[in-house]
Amino acid sequence: MTAKQVPIKEGLWTIVSDKNEAPQLVASQCEACGEIFFPKKEKNICANCQNESLKTVVLSRTGRIYSYTVVMQRPAEYLGPVPYALAWVELPEGVRIESLLAGCDFEKLRIGMDVELSIERLHESDGGADICTYKFKPVYI
């Protein structure tokens, strides 16, 4: 039996109904200055220019590692596996997103490395559901 999958937070990525589609992260973009915010802003105010007109956009599924670190000790509220890699990923839209890195060999990680979005299990809830989050996987050439 497959465990129920629950997003760590609703609205972070698109939910796909067709297996040929892939999820994308959901963000807000200011219609006046073009600034992009992830996660999507709950209040319709641009933190850059204070305009009150934001639209919902989806972000590219690929990006590059801007910076990263490997965490060896479990932070107090983190329930996922340790050690793990945490990165700032720069997307083509110009926004940088903090993200866990998935399926990577820590020794092969490099700044500038191409990565691709994936939705993966982070941990199991008390009720047995898989709590899922977005991660980026290195694209090894």
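Two strands count as paired if DSSP finds at least two bridges between them. Keep that in mind for the sheets, and keep in mind also that this is a predicted model.

I'll start with the open sheet. It has three strands in the order β3-β2-β4, and the pairing is antiparallel. β3 and β4 stand at the edges with a single partner strand each, so one side of each has no neighbour in the sheet. Between strand β2, residues 26-30, and β3 there are two bridges, and these strands run antiparallel. If you want a place to look, find Gln29, which stands opposite Ile36 in β3.

Next, β6 and β7. How many bridges join strand β6 to strand β7? Six, between residues 84-90 on one side and residues 96-101 on the other, with the strands running antiparallel. Ala87 has Ser99 in β7 as its bridge partner. The two strands form a hairpin with five residues between them, and in this hairpin Gly94 takes a positive phi near 95 degrees.

β7 also pairs with β9, this time in the parallel sense, over two bridges. Here Leu101 stands opposite Phe136 in β9.

These strands come up again at the largest pocket, which holds about 280 Å³ of space. It is lined by 15 residues, and those closest to its centre are Glu98, Ser99, Leu100, Thr133 and Tyr134. Three elements, β6, β7 and β9, give two or more residues to the lining. Which one gives the largest share? That is β7, with four residues. Ser99, the bridge partner of Ala87, is among the residues closest to the pocket centre.

Tyr134 takes us on to the aromatic rings. A search of the whole structure finds two aromatic pairs, and I'll describe one of them, formed by Phe38 and Tyr134. A pair of rings is described by the distance of the centres and the angle of the planes. For Phe38 and Tyr134 the centres are 5.4 Å apart and the planes are at 85 degrees, which is edge-to-face. Phe38 lies in the loop between β3 (36-37) and β4 (54-58), while Tyr134 is in strand β9 (residues 130-138), so the pair ties together parts that are 96 residues apart in sequence. Are these two residues buried or exposed? Both Phe38 and Tyr134 are buried.

Two other rings have a charged residue over the face. Lys41 lies over Phe37, at 5.0 Å from the ring centre. Arg96 lies over the face of Tyr66, and there the distance to the ring centre is 3.5 Å.

Last, the cysteines. A disulfide needs two cysteine sulfur atoms within 2.5 Å, and by this rule the count is zero disulfides. Why is Cys49 not bonded to Cys30? The closest cysteine sulfur to that of Cys49 is the one in Cys30, but the distance is 3.6 Å, which is too far for a bond. Cys132 is in no disulfide either; its nearest cysteine sulfur belongs to Cys104, 18 Å away. As for exposure, Cys49 is partly exposed, with a relative accessible area of 32%, whereas Cys132 counts as buried at 5% relative accessibility.

To recap: the open sheet runs β3-β2-β4, β7 pairs with β6 and with β9, and the largest pocket takes the largest share of its lining from β7. That's all from me.

Conventions
Residues numbered from 1 in each chain as written. Predicted model: local features only at pLDDT ≥ 70, side-chain atom pairs only at ≥ 80, totals over all residues. Heavy atoms only, no water. Buried < 20%, exposed > 50% of the residue type's maximum accessible area, 1.4 Å probe, protein only. Phe/Tyr/Trp six-rings, centres within 6.5 Å; stacked < 30°, edge-to-face > 60°. Lys NZ or Arg CZ within 6 Å of the ring centre and 35° of its normal. 1 Å grid on protein atoms, 1.4 Å probe; cavity = no way out; pocket = protein on both sides within 12 Å on 5 of 7 lines; lining within 4 Å. Points joined across faces, edges and corners; volume = space filled by probe spheres on them.
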